[in-house]
Amino acid sequence: TNWEKRQGWTAHTRLSVLLSSLAAWNGMVDLFLLIFVIVIVAVAIGVNLRVLLYFQQEDNSKFASSIVCKTIIVISLTLAWFIILLLPIDVRNSRPVQGVIDMQAMWMGTFITLAVFLVVVVPGAMFWHEIEDDPDVKKKKGYVVCRLLVTIFFAGCAVAISYAFLAEAAIPVTEYTCENWQSADVRDNAALLGRVACADGRKSHVSVKVGFRIYLIAVLCFVGWFLLVMFGGIGLSAVPLDAILEFKDRPRAISEKDYQKRRKVLGSAAQALLQRSEELQSLDAELSSQKGWRARRKQRSLRALYNRFKCGVNLLEDEHGKLKVSKFERGENLVIATAKLVVGIVSAILSLTWILHIVLVVLVPQFHPNFSANMLDAIFMATENSGAYPLGVALFSVYTLYLLLCVVKGCLKFGLRIFFLLSLHPMRHKATPLNSILFNVELLLISSAAVVQFSQTAFANYARLTDADVIFAAQIKHLAFYSWFFEHSIFVWALLIWFLLTFIFLIVRPREGGKAFRLNTSIEKELAEILGPTKIGKPADSTTPQPESLA
């Protein structure tokens, strides 16, 4: 500039001033932390967009098709990432010196956004997508608004009413009785002052009414824990076992004779499913005109039958895909098969280390207070002290996001085995409806709140001196009603016990469909057990749907 020329500035002078300004600005704001947050959000958006493109149906692959639902899916998944990775951001902001970011406001804002997405945004997208192409629904916006208002009303009433009675936190303190304070004045030794003046101490508590935002976080965590225990416990064993089984049961090259034989078996199974679908349709039409509690009971039974039908279709589609790979691709690519084995081994290591960490760090100290074991905490803190902060965050992300993967896998596994309680929403490459993706997104959002609280509990040493420690360990943990679950680690015990039970069950019966659903010499008996009494061995007639029609 002209001013710089009058002052006699050179390029070196301007560079020095720029570096000095950056250094001064970095003193006020952690530049690395700012860059880290931006990178995390950018990577999350990119990965989640890739996940959407990988799983969505080819009918919805056009960019303009259901653009609002797709945007909500990407933003929701990014929110699940961000809320989990807020803990390492909080750690970085709290030490070695206190940062300028108001992490408490960020925690509050993120959880409020999470609540809005859980109650309004994602359910609204699901309601809209259900009737988007339905000509029978004339007033689509009114339909969505009415259902959303009902959802908001019941959720709001539940939180508001419970807040009036359960928002009291009993924070534990040590209360000292100072009866000898006058005699303490004559003491010359300051070290003995406290011992003389306040010799007696007893455990007590201070009652504090928490704000509505803190209570909202507690409710989100409490609800999320049920899903984390139910589905996460299953997923911790199902993720590694299924990956190893996929390697073991990978499609291999077959002869033309074996192909035709298996093709007929699948055709007969498809015919049985087609007949069942017609029976379900006729039963649904019959029950639609009935009213009363008997009709509602029959409708619940019908939903269970429909879920079982979906399980059969899901298993049959899997076998049909494997058959095509065996015939037309001469078996699965060795690189892909090996990758599945590697994923299974890595998942087994992650599950095993999670279980050991839960036992040694969270549960054992409850019975032996002097017992100390850091395990994963030690790794995270070592990367922090050595300056390898990004590596610690990466490891933390792997372990926490793995829990979310276990929740989704556990939900799918639960739907395949306990079909009368839960509808099936499998995630398939290029074959997943947007509503199924939205269902799994809602599941991840609900579970992410519990994963954050669980991470703060499991990695308490790593999360020390943070705002998360104040929110979860000092306030939410001691709330009325919720304190019994959190102080005694009820959910953590339930997660461990449920994991052990499901692990034993999956070792005994690793595959869906009663006995192993595999195309081998016992396929007739196995398909009959899944699909009902059908003469599987009978050659398919001209009306039998062939495998090409199953796609």
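## Helix 8 and a nonpolar surface patch

Helix 8 bends by about 35 degrees at Ala-238, shortly before the proline Pro-240; the bend is the angle between axes fitted to the seven residues ending there and the seven starting there. The model is predicted, with local features requiring pLDDT of at least 70 and side-chain atom pairs pLDDT 80 or more, while totals for chains, interfaces and linings use all residues. Residues are numbered from 1 along each chain as its sequence is written, and side-chain values use heavy atoms, without hydrogens and water.

The chain contains 19 helices and two strands, taken as DSSP runs (helices H or I, at least four residues; strands E, at least two) and numbered from the N terminus. Two of the helices are listed below.

| Helix | Residues |
|---|---|
| Helix 3 | 31–55 |
| Helix 8 | 212–248 |

The end C-alpha atoms of helix 8 are 52 Å apart, which agrees with the 54 Å expected for its 37 residues (1.5 Å times one less than the number of residues). Because 27 of those 37 residues are buried, helix 8 is largely enclosed by the rest of the structure. Buried means under 20% relative accessible area, exposed over 50%, and partly exposed in between (1.4 Å probe, protein chains only). Across the chain, buried residues account for 42% of 551.

Ile-35 belongs to helix 3 and, at 45% relative accessibility, counts as partly exposed. Of the contacts between residues at least 6 apart in sequence, 78% join residues at least 24 apart, a contact being heavy atoms within 4.5 Å.
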